[in-house]
Amino acid sequence: MTVLNATVGDITTQNVDAIVNAANTRMRGGGGVDGAIHRAAGPSLLEECIARFPNGLETGKAGWTHGFNLPARFVIHTPGPNYRAGQTDQRLLESSYRNCLAVADELGVDSIAFPLISAGVYGWPKEDAVKIAVDTLSNTPTQVSQIRIVTLDAHIQSTVQELLTRYA
Ligand code: AR6
C-alpha cells in the first residue's frame, strides 16, 4: 500500500530513499530545487549527470543519479514542462510524475519526496500544479510505500493537504 502525504520543508534534507529534482533538459544544474540539490549533494552529482546524461534528458522523462552528500541515496531527475515558455500541456507534467515513480520502482525505492515540479521558475500555476501532482501520484500504481510532497510554503502545503484528504 502507498501512503501519500505532504510536508513543509527543504527537499534536500528529507530522510527518504530518493528525492526528485525539478531539473531542466540540459541536466547540468540550475536554480530552485535543482540548485539546492546540486549544492547539498556536492560536485560529484554534476559529474554523474554529465556521465549518465551526455545529451541531457527530454521534458517529462526521468532518470537517476546517486545522492552523494544528501541523506537520500538517489536523486531522480525530471525536466518538467516550462509553462512560461508555452509548454502548457498537462500530460507532460503528469508524465514527469509517472516516470519518476517508474524509475523509483526500478531502483526498489521504498520512500520518495517530490517537489512541486514546474511550479517555480517554470511558472505552472501553483494550485493547478498541486492538483496535477496529487491526482497523478494517487492514481499511478507503484511499489513505493511512502510518497511525500514537499513544499517551501505553508499555504501551498495546506492546499496539498486538502486535496489529499479526498483520496484518504
Ligand atoms: N525544497 C522544496 N521545494 C522547493 C525548494 C526546496 N529547496 N526550492 C524551491 N522549491 P523550481 P521548476 C519549490 O523553480 O519550476 C531550475 O533552474 C518552489 O517554490 O525549483 O520545475 C531548473 O534547473 C516551487 O514550488 O522548479 C530548471 O531550469 C517548486 O519547488 C527550472 O528551475 C519547483 O520550483 C525548473 O523549474
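**Exercise 1.** How do the residues of the shell around the ligand divide into nonpolar, polar and charged?

*Solution.* Let's begin with the ground rules. This is a predicted model, in which local features need pLDDT of at least 70 and side-chain atom pairs count only at pLDDT 80 or more, while totals for chains, interfaces and linings use all residues. Residues are numbered from 1 along each chain as its sequence is written, and side-chain values use heavy atoms, with hydrogens and water left out.

Step one: the shell holds 21 residues, where a residue is near the ligand if one of its heavy atoms lies within 4 Å of it. The closest are Gly31, Val33, Asp34, Gly120 and Val121.

Step two: sort them by class. The shell has 10 nonpolar, 8 polar and 3 charged residues; Gly counts as polar, and Asp, Glu, Lys and Arg as charged.

Step three: helix H1 (32-41) and strand E2 (18-23) each supply at least two shell residues, both being DSSP runs (helices at least four residues, strands at least two). H1 gives the largest share, 4 residues.

**Exercise 2.** Find backbone atoms that lie close to oxygen atoms of the ligand, using polar contacts (a pair of N or O atoms within 3.5 Å).

*Solution.* For Gly31, a backbone N or O atom lies 2.7 Å from a ligand oxygen. The distance is 2.8 Å for Gly120 and 3.4 Å for Ala119. Now look at burial: the ligand alone exposes 700 Å², and the protein buries 88% of that (Shrake-Rupley method, 1.4 Å probe).

**Exercise 3.** Which residues lie nearest the centre of the largest pocket?

*Solution.* A pocket is an open set of points on a 1 Å grid over the protein atoms alone, with protein on both sides within 12 Å along at least five of seven lines; lining residues have an atom within 4 Å of a point. Of the 26 lining residues, Gly32, Val33, Pro115, Leu116 and Gly120 lie nearest the centre. By class, the lining has 14 nonpolar, 8 polar and 4 charged residues.

Technical notes. Polar contact = N/O pair within 3.5 Å; in protein donor to acceptor, adjacent residues only side chain to side chain. 1 Å grid on protein atoms, 1.4 Å probe; cavity = no way out; pocket = protein on both sides within 12 Å on 5 of 7 lines; lining within 4 Å.
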